[in-house]
Each structure stands twice: as structure tokens, then as C-alpha cells.
Amino acid sequence: AVATLFDSFFSTGTVVRPSRFVGLANYALLADDPIFWQVLKNNLYFAAATIPTSIALALLMAIWVNDRLPARALVRMSYFTPTILPMVAVANLWLFFYTPQIGLIDKVTAFFGMPSHNWLGDPNTVMGCLAVMTVWKEAGFFMIFYLAALQSLSPELEEAAKIEGASRWYYFRRVTFPLLMPTTLFVLVNATINSFKLVDHLFILTKGGPDNASNLLLYYIYQVAFSFFETSYASTLTVVLLAMLAAMAIVQFQLIEKRVHYR
């Protein structure tokens, strides 16, 4: 991180033109870069779509598999299976869903007489498609933490609530969910980091297209560094990404943690 910060104040050196100190020139270039602002907007939208959805779905799945239901072990394994799959394999799997005409989604919509649609080639649908795939992969991982937290709760609390005549929804809202807040904070931090560090699925599915409609910040850093060979500018982008994640972590731990532990 220190080396990256150092490199962000220099130009990219070549054999003919050595690197030289440019001060804040790279940061001024970043401020005037329309692609950076579009990518940042895409990433914030992606985070807003995936973080609450994956956490809510993980909590629902954990509550479901924590009850006494038939084949509970099989259901737990089914929910957790997407988590252990490599992201490249997941991207190729979902490519069979989103491919026009021959993809599973188009096959289903064609059955109802709807026209074919290029889900990954349409700027209006590509980010939604990526968000659905990410939630499908991450929700099972977060479910494991919620399930462990649910199993650590004392059963006497639920028995006391039943004696008092509390409904299941009231018990969840006033007892279970508040006791799960430390787990929620842990999951929230991980979900936030994950939403800003995904590269594999973009490399397989969209390459950031169409017209940067699905490009995310870390993939843009990869393009700048290894496709355009502007390593100094890529270092500047990385510093901004690290600063954003640090700021989010400070907010989450300083403000949210006080509510989590009731201080």
C-alpha cells in the first residue's frame, strides 16, 4: 500500500522516458476522467444492490435451515454449494443463462412468446444480471455465519417468549435480530469488501461492456495497469479504492458497532 501511494506521485516510466515526480497530476487526471466516475457510479450501484440483498437472503436461509425440516442437511449443503465454486466457473455457468437465443432465460421467455434479449449486451440489464449472479454466490457463505449465531442463542429465550404469548415475528424483531447484530456487522464488512473486489466474473462475462456499463473499479484498475500499461495512474486509482474502503470500515466500526453492542 505504501509503495502504491508512492508510485501515484510519479509518472509511468519507459525505456526512453524515465519516471519522474509529477505531484498530484495523476489525481487531477483522475478527477477529470469520465470513465472513472462512471465506473465509481457502477460500483456504488452494484454494492447497493448486492449487499442488502445477499445479507437479507442469507438471514432468511439461515432461519429456514435452522428449523426442523426434512432433509435439512441436504438443504444446507445446497445453499452453501455456490460458495465453494470458483468465480470463473460461476461466471461460465451463468453465461448459459444469459446468452441470447440459446440461453436458459431466453428459452423460458420464448416459451411465453417473448422476444430474445441480449441480457449482458444491454446497458439497462447488464448490472442487474451481474448483481443476481453475485447474490446467488455469496448468500450461502453469509448464511453459515448466521446459522452459527442462531444455534448459539439460548432456547430459553424462545420458550419465555412463547409463554408470554409473543408471535414469531415479534420474537424475531425484538429478540433474535438484535442478538444477531454482531454477526450482521461482520457480514456487512465482508459484503462491502467483496462488492469492490470482484474481477473474475467481468473478465469472463462482459469485459466491462457494453460501453463501460458493467465496468467496476477494480476491473478498471486491472485494465489501466495491464492493458494500457499506465501503472502510475493505476496506482492512483488503487489509492482511491483503499481510501474508500478505509472510510467505509471506519464508519461501520465507529458508528454501527456502538449500536451493535448497545454502547
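What volume does the second largest pocket have? In this model, which is a predicted one, the second largest pocket has a volume of about 230 Å³, and I would like to start there before turning to the helices around it.

The residues that line this second pocket are T83, L85, M87, K137, E138, F141, F142, N194, K197, L198 and D200, and by class they divide into five nonpolar, two polar and four charged. Helix 7 gives the most to this lining, with four residues.

Helix 7 also packs against helix 5, which covers residues 87-98, at an angle of about 130° and with the two axes 11 Å apart. Angles over 145 degrees would count as roughly antiparallel and those from 65 to 115 as roughly perpendicular, and helix 5 and helix 7 are therefore oblique to each other. Their crossing is right-handed. On the helix 5 side the contact is made by M87, V90, A91, L93, W94 and Y98, and on the helix 7 side by C129, V132, M133, W136 and K137; these residues divide into 10 nonpolar, no polar and one charged.

Let me finish with the largest pocket, whose volume is about 650 Å³. Its lining consists of 20 residues, and N66, D67, E158, R168 and Y171 are the ones that lie nearest the centre. Helix 7, here residues 126-152, is among the helices that each supply at least two residues of that lining, together with helix 3 (34-66), helix 4 (72-84), helix 8 (155-163) and helix 9 (168-179). By class, the lining of the largest pocket has eight nonpolar, five polar and seven charged residues.

Technical notes. Residues numbered from 1 in each chain as written. Predicted model: local features only at pLDDT ≥ 70, side-chain atom pairs only at ≥ 80, totals over all residues. Heavy atoms only, no water. 1 Å grid on protein atoms, 1.4 Å probe; cavity = no way out; pocket = protein on both sides within 12 Å on 5 of 7 lines; lining within 4 Å. Points joined across faces, edges and corners; volume = space filled by probe spheres on them. Nonpolar A, V, L, I, M, F, W, Y, C, P; charged D, E, K, R; others polar. Axes fitted to C-alpha atoms, helices over the stretch in contact; angles between N-to-C directions. Parallel < 35°, antiparallel > 145°, perpendicular 65-115°, else oblique. Left-handed = near helix turned anticlockwise from the far one by under 90°. Contact = heavy atoms within 4.5 Å.
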